[in-house]
Amino acid sequence: METYILHEAIGSGRFGTVHRATHETFGIDRAVKLLDARYTDAASVGEAVQRAAVEAREISPQYAVQVYDSGQADGQVWFASELMPLGALSTALAAERAFSTVEVRRICGDVAAALTAAHGLGIVHGNVEPS
């Protein structure tokens, strides 16, 4: 991957690992997800992930993390997205952070709005998780 310098892993999920990364030219920090090798063996899976990354760019930034770039390097599919300064919701949940009713309503409302926007574009997200 020529465009980004990978740093520490900041999360992982069913499909891969997310790293904090810096764009080599612009010095901008992003989150770069590297798809797990077991999913990149099949060309169709890699193509599907890249297509999903492109489709995700169409969702309003008000509701979803923005995807900026995607590609394949050494047979591994990756995509770069907005780096959330407060981290993943899963981190707060793991730390047993207490959320107010107002915060829970806002978070749930934002998730529902993002899914509605995605569905309106014909995108079905089958793996909604707090990371």
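**Entry 1: hairpin.** Two strands pair if DSSP finds at least two bridges between them. I started with S1 and S2 on that basis. Six bridges join S1 to S2. The two strands run antiparallel. A hairpin through three residues connects S1 to S2. I note here that the model is predicted.

**Entry 2: overall layout.** I looked up the secondary structure of the protein next. I found four helices and five strands. Along the sequence the pattern reads β-β-β-α-α-β-β-α-α. The protein has 131 residues, and 25% of them count as buried. I then looked up the exposed surface, which comes to about 8300 Å². Carbon and sulfur atoms supply 55% of that area. For contacts, I kept to pairs of residues at least 6 apart in sequence. Of these contacts, 39% join residues at least 24 apart.

**Entry 3: confidence.** I checked pLDDT before going further. The mean for the protein is 81. I also noted that 82% of the residues reach 70 or more. Where is confidence lowest, and where is it highest? The lowest mean belongs to helix H2, residues 43–56, at 67. The highest belongs to S2, at 93.

**Entry 4: the sheet.** I traced the strand order. Five strands form an open sheet, ordered S1-S2-S3-S5-S4. The pairing is antiparallel. Strand S1 (4–12) and strand S4 (67–73) are the edge strands, and each pairs on one side only. I looked up the twist as well. Neighbouring strands of this sheet are turned by 30 degrees against each other on average, with direction ignored.

I then went to the pair S2 and S3. S2 covers residues 16–23, and S3 covers residues 29–35. How many bridges do they pair over? They pair over seven bridges, in the antiparallel sense. Glycine 16 stands opposite leucine 35 in S3.

**Entry 5: leucine 6.** I returned to strand S1, where leucine 6 lies. Its bridge partner in S2 is alanine 21. Leucine 6 and alanine 21 are 15 residues apart along the chain. Their C-alpha atoms are separated by 4.4 Å. Is leucine 6 buried or exposed? Leucine 6 has a relative accessible area of 35%, so it counts as partly exposed. The class runs between the 20% limit for buried and the 50% limit for exposed.

**Entry 6: the nonpolar core.** Alanine 21 came up again here. The largest nonpolar core has seven residues: Tyr4, Ala21, Val32, Leu34, Ala73, Trp78 and Ala80. S3 and strand S5 (76–81) each supply at least two residues of this core.

**Entry 7: two buried polar residues in strands.** I took histidine 23 in strand S2. Histidine 23 counts as buried because its relative accessibility is 14%, and the cut-off is under 20%. I listed its contacts, leaving aside neighbours within four places in sequence. Histidine 23 is in contact with Thr3, Tyr4 and Ile28. Of these, Tyr4 is also in the largest nonpolar core.

I took serine 81 in strand S5 after that. With a relative accessible area of 10%, serine 81 is buried. Which residues is serine 81 in contact with, leaving aside its neighbours within four places in sequence? They are Arg30, Ala31, Val65, Gln66, Val67 and Tyr68.

**Entry 8: isoleucine 59.** I moved to the loop between H2 and S4, where isoleucine 59 lies. Isoleucine 59 has a relative accessible area of 9%, so it is buried. I again left out residues up to four places away in sequence. Isoleucine 59 then touches Ala64, Gln66, Ala114, Ala117, Ala118, Leu121 and Ile123. I also looked up its separation from histidine 119. The two are 60 residues apart in sequence. From C-alpha to C-alpha they are 9.7 Å apart in space.

**Entry 9: glutamate 96.** I closed with a backbone angle. Phi of glutamate 96 is near 60 degrees. That is a positive value in a residue other than glycine. Where is glutamate 96 placed? Its place is in the loop between helix H3 (89–94) and helix H4 (101–120). Glutamate 96 is exposed, with a relative accessible area of 69%, and the cut-off for that class is over 50%.

Methods. Residues numbered from 1 in each chain as written. Predicted model: local features only at pLDDT ≥ 70, side-chain atom pairs only at ≥ 80, totals over all residues. Heavy atoms only, no water. Buried < 20%, exposed > 50% of the residue type's maximum accessible area, 1.4 Å probe, protein only. Contact = heavy atoms within 4.5 Å. Areas by Shrake-Rupley, 256 points an atom, 1.4 Å probe, with all protein chains shown as cover. Axes fitted to C-alpha atoms, helices over the stretch in contact; angles between N-to-C directions. pLDDT = per-residue confidence, 0-100. Core = buried A, V, L, I, M, F, W, Y, C linked by side-chain atoms within 4.5 Å.
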